[in-house]
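This report goes through selected local and global features of one model. The sequence and coordinates are shown first, and the description follows.

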Amino acid sequence: MEIAKRFDEASKTYDTPDKIERAKKTVKILLDKLPVNKEWKVLDFGTGTGTIPVELSSFVKHIVGIDLSKGMLEVFKQKIKEKDLKNITIKQQDIFKEDLEQKDFDLIITSMTFHHIENIKSALEKLKKYLKEEGYIVIIDLDKEDGTFHSSNLDVKHFGFSKEEIDKFFKESGLDTILIENFDSIKKERNGKERDYPLFIAIAKK
Ligand SMILES: C[S@@+](CC[C@H](N)C(=O)[O-])C[C@H]1O[C@@H](n2cnc3c(N)ncnc32)[C@H](O)[C@@H]1O
């Protein structure tokens with residue numbers, strides 16, 4: 001089964017209270033650390049069910065959410081309808097196969113998606129093209145883990161990332177690192193024990 005189909009399946013149970021809380025926490029950090037304002041155009045790459053755009057929409061001008069999975073985007077669409085959010089556009093697209101026309105984003109976010117992407121350097125270089133000069137890119141993902149986070153690693157290309165790796169990816173892509181720090185963690189039961197998987201947020205500027 002391809003990745004889009006697997007996320008179509010996952011979409012049925014994807015939204016959980018901890019994910020909504022994490023999205024709120026993420027937006028709080030963005031508002032704290034970046035000059036977010038009502039003129040900003042935002043791209044959320046691998047937007048999934050849109051947990052972050054839903055929380056961020058009232059603080060910016062417009063958000064484009066892109067994802068491969070129709071199922072994830074259906075859940076997102078339903079939330080947009082229920083909450084009557086007018087400034088979000090959804091696109092079912094793989095940006096590695098099809099280019100985006102819009103190239104003036106102030107902020108690009110990608111949360112829990114990079115570990116599914118093989119070539120991070122080329123992904124960052126691609127995303128950088130869609131950013132305005134002095135625009136920001138934000139990556140949220142897992143710290144390096146031992147391969148036990150996902151119950152199946154079929155679509156997993158990286159077992160998380162070290163902060164040094166992320167800093168190197170930013171540098172190699174010509175982006176200036178602003179911060180890379182842990183901000184949350186995900187608890188999972190593994191072999192009868194509770195495991196804690198730390199998450200980082202990384203911010204860089206073009
Ligand atoms: C774990 S989910 C994360 C969703 C959301 N950003 C969050 O933080 O909850 C990863 C998402 O990335 C999407 N994805 C993976 N590779 C992609 C690609 N090449 N283009 C667009 N979306 C992709 C998947 O379909 C999935 O919805």
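D84 sits in the loop that connects α4 to β3 (88-92). The model is a predicted one, and in it D84 has a positive phi of about 55° although it is not a glycine. The general background is that most residues other than glycine have a negative phi. D84 has 6 other C-beta atoms within 10 Å and is therefore exposed, given that 12 or fewer such neighbours is the limit for that class.

A positive phi is also found in strand β5, which holds E134. For E134, a residue other than glycine, phi is near 70°. E134 counts as exposed because it has 9 C-beta neighbours inside 10 Å. E133 belongs to strand β5 as well. With 7 other C-beta atoms within 10 Å, E133 is exposed. Across a separation of 27 residues along the chain, the C-alpha atoms of E133 and D106 are 8.3 Å apart.

**Strand β5 and the nonpolar core**

The largest nonpolar core of the model comprises 47 residues. Strand β5, spanning residues 131-142, contributes the most to this core, with 6 residues. The residues with the most contacts inside the core are V42, L43, L107, I108, L127, I137 and V138. For I108 the partners can be listed, leaving aside residues up to four places away in sequence: I108 touches L43, F45, L127, Y130, L131 and I137. Of these partners, L43, L127 and I137 are themselves named among the residues with the most contacts inside the core.

**The shell around the ligand**

The ligand is surrounded by 20 residues, and the closest are F7, G46, G48, S69 and S111. Two elements give two or more residues to this shell, namely α1 (3-10) and β2 (62-67). The most comes from α1, which supplies 3 residues. By class, the shell consists of 9 nonpolar, 8 polar and 3 charged residues.

**Packing of α1 against α4**

Two packed helices are described by the angle between their axes and the distance between the axes. For α1 and helix α4 (residues 70-83), the angle is about 40° and the axes are 6 Å apart. The two helices are therefore oblique to each other, since an angle under 35 degrees would be needed for roughly parallel and 65 to 115 for roughly perpendicular. On the α1 side the contact is made by F7, D8 and E9, which meet K70, G71 and M72 in α4. The residues in this contact comprise 2 nonpolar, 1 polar and 3 charged. F7 also appears among the residues closest to the ligand.

**Strand β3 and Q92**

Q92 is located in strand β3. Its contacts, not counting residues up to four places away in sequence, are with D67, L68, K70 and L73. K70, one of these partners, is also part of the α1 and α4 contact. Q92 counts as partly exposed because it has 14 C-beta neighbours inside 10 Å, a value that falls between the limits of 12 or fewer for exposed and 20 or more for buried.

**Two lysines**

K187 lies in strand β6, which runs over residues 176-190. With 9 other C-beta atoms within 10 Å, K187 is exposed. K187 nevertheless touches E194 and D196, when residues up to four places away in sequence are not counted. K129 is found in helix α5 (residues 120-129). K129 counts as exposed because it has 11 C-beta neighbours inside 10 Å.

**Selected C-alpha separations**

The table sets the sequence separation of some residue pairs beside their separation in space.

| Pair | Apart along the chain | C-alpha to C-alpha |
|---|---|---|
| K187 and A23 | 164 residues | 16 Å |
| K129 and K157 | 28 residues | 23 Å |
| Q92 and E118 | 26 residues | 20 Å |
| E133 and D106 | 27 residues | 8.3 Å |

Technical notes. Residues are numbered from 1 along each chain as its sequence is written. This is a predicted model: local features need pLDDT of at least 70, side-chain atom pairs count only at pLDDT 80 or more; totals for chains, interfaces and linings use all residues. A residue is near a molecule or strand if its C-beta atom, placed from the backbone, lies within 6 Å of it. Helices (H or I, at least four residues) and strands (E, at least two) are DSSP runs, numbered from the N terminus. Ala, Val, Leu, Ile, Met, Phe, Trp, Tyr, Cys and Pro count as nonpolar, Asp, Glu, Lys and Arg as charged, and the others, Gly among them, as polar. Two residues are in contact if their C-beta atoms, placed from the backbone, lie within 7 Å. A nonpolar core is a set of buried Ala, Val, Leu, Ile, Met, Phe, Trp, Tyr and Cys residues joined through C-beta atoms within 7 Å. Axes are lines fitted to C-alpha atoms, for helices over the stretch in contact, and angles run from 0 to 180 degrees between N-to-C directions. Angles under 35 degrees count as roughly parallel, over 145 as roughly antiparallel, 65 to 115 as roughly perpendicular and the rest as oblique.
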